[in-house]
Amino acid sequence: MTFQVSALSQKDFVMIQITDTHLLEYPHLEFVGMHPEQSFHAVIDLMRQQHPHIDLIVHTGDLAQNPTPVTYNRYLQHMQSLGIPFFHTPGNHDDVVHFPFHESDQTQVTVVELGKWCIILLNSAQPQRIDGKIADGQLAQLTRLLQQLKDRYVLIACHHHPFAMESAWIDQHKLKNSSDLLETIRPFSNIKAIICGHVHQDSINGWQDIQFLSTPSTCIQFKPKSDKFALDEEHPGYRYICLKANGELETQVYRLPTSQRMNSSEVLGYD
C-alpha cells in the first residue's frame, strides 16, 4: 500500500529516523540499568526542540524489548500524540503477532510518498532469529516498485545492516542476503540512501552513489569496531534527514547531552 504524506513536489522535506527503542511492557521498568521509556521520550523531546517542522518519522525496528500489545499500544499512543506522520518496520526483537504493521498483508512493502520522494520500508526481520533477511517476495515487489518510480527519488528503510560494521559479534547478525538487495537496486540510479537500525551506532557507507546509514538507538549504544559485545559511552540519539526537491540529501545525527549509565554484563540476546 502507498501512503501519501504530501503531494507537493517543489519542496524540501524533513524526515527523522529513530530506531531500537526497546520499550518494555511498562514504562517504569529498567533495561540494562536505564529506562528505555524515559530515554525514548527524551530523544523525541530533543527532536521537537531542534526541528520545529517535521514531515515524517520512520522507526527502523526493535520498537519493543517486551513485544506485547501493551507495549505497542503505548508506543502508538505516544507517537500519535505528536501529530506527525510516522511509520515503522519490525526488528529482530519485535513480535510479528502483535507488531502494528501498516499493511493487513504483512508480506506487502510499505511505500510513503513525500512529493518527489518515496520512502520504501522493507521487513528484514525473521521469526526467532537475530540476523536478517528480506524475503524473495519483498525483493520482487521492490523491483516492480523501482521500475514504476523512475521519476521519483527513493530512500529505502529496513532494520538489519547490509554492510559489515567491522564488529565481529554484530556482523554475525547482519542482513544475510544483502547481495540480493544490492543486485535488486543496482540498475536504478534514483535510489539515494538506505537507512537501518540494529547496530545501535552511527555509520555511513557508500556504494554506487547510494548512502548506507545506520543510526544510534534511543536506548543503549554498541561500541564500534569491537570483536566482542560491548556498550559504548555515546548517548542516545536520532538521525535528521533533509530530502531536497532536487534529489540531494542532507543528514546529521543528534544525541542527548546526557544519558543513564549502563552495564554491559546485563545485556542478553545478542552475544
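**View 1. Cysteine 242 has no partner within bonding distance.** The closest cysteine sulfur to that of cysteine 242 belongs to cysteine 118 and lies 17 Å away, too far for a bond. This is a predicted model, so please read each of these close-ups as a view of a prediction. Cysteine 242 is also buried, with a relative accessible area of 6%. For scale, a disulfide here calls for two cysteine sulfur atoms within 2.5 Å, and the count by this rule comes to 0 disulfides. Cysteine 219 is likewise in no disulfide; for this residue the nearest cysteine sulfur is that of cysteine 196, 17 Å away. Cysteine 219 counts as buried because its relative accessibility is 1%.

**View 2. Lysine 244 sits in a loop between two strands.** The loop runs between strand S11 (237–243) and strand S12 (249–255). Is lysine 244 buried or exposed? With a relative accessible area of 17%, lysine 244 is buried, since the cut-off for that label is under 20%. Setting aside neighbours within four places in sequence, lysine 244 is in contact with Lys11, Asp12, Trp117, Tyr153 and Glu250. Two acidic residues, Asp12 and Glu250, are included in that set, as are the aromatic residues Trp117 and Tyr153.

**View 3. Strand S5 is mostly covered.** All 5 of the 5 residues in S5 (residues 110–114) are buried. In a regular strand, side chains alternate between the two faces of the sheet. In S5, Thr110, Val112 and Leu114 point one way, while Val111 and Glu113 point the other way. Glu113 is a charged residue by type, and it is among the buried ones.

**View 4. S5 has a strand partner in each sense.** With strand S1 (residues 2–6), S5 pairs in the parallel sense over 4 bridges; here threonine 2 stands opposite valine 111. With strand S6 (residues 117–121), S5 pairs in the antiparallel sense over 5 bridges. Which residue of S6 is the bridge partner of valine 112? That partner is isoleucine 119. S5 and S6 form a hairpin with 2 residues between them, and glycine 115 in the turn has a positive phi of about 60 degrees.

**View 5. The largest cavity has Thr110 of S5 in its lining.** Searching the whole structure finds 2 cavities of 30 Å³ or more. The largest of them has a volume of about 110 Å³. How many residues line the largest cavity? There are 15, and Thr89, Phe101, Gln108, Thr110 and Leu121 lie nearest its centre. Thr110 was met above as one of the buried residues of S5.

**View 6. Alanine 193 is buried in strand S8.** Alanine 193 is found in S8 (residues 191–196), and its relative accessible area is 0%. Valine 154 is 39 residues from alanine 193 along the chain, yet their C-alpha atoms are separated by 7.3 Å. Beyond neighbours within four places in sequence, alanine 193 is in contact with Val154, Leu155, Ile156, Ile210, Gln211 and Leu249.

**View 7. The annotated segment, residues 16–201.** An unreviewed UniProt entry places the feature "domain: Calcineurin-like phosphoesterase" at these residues. Over residues 16–201 the chain is 28% helix and 17% strand, and the end C-alpha atoms are 16 Å apart.

Definitions and conventions
Residues are numbered from 1 along each chain as its sequence is written. This is a predicted model: local features need pLDDT of at least 70, side-chain atom pairs count only at pLDDT 80 or more; totals for chains, interfaces and linings use all residues. Side-chain values use heavy atoms; hydrogens and water are left out. Buried means under 20% relative accessible area, exposed over 50%, partly exposed in between (1.4 Å probe, protein chains only). Two strands pair if DSSP finds at least two bridges between them. UniProt positions are given in the numbering used here, feature names are shortened, and annotations may be inferred rather than shown by experiment. Contact means heavy atoms within 4.5 Å. On a 1 Å grid over the protein atoms alone, a cavity is a set of points where a 1.4 Å probe fits but cannot get out, and a pocket is an open set with protein on both sides within 12 Å along at least five of seven lines; lining residues have an atom within 4 Å of a point. Grid points are joined across faces, edges and corners, and a volume is the space filled by probe spheres set on the points.
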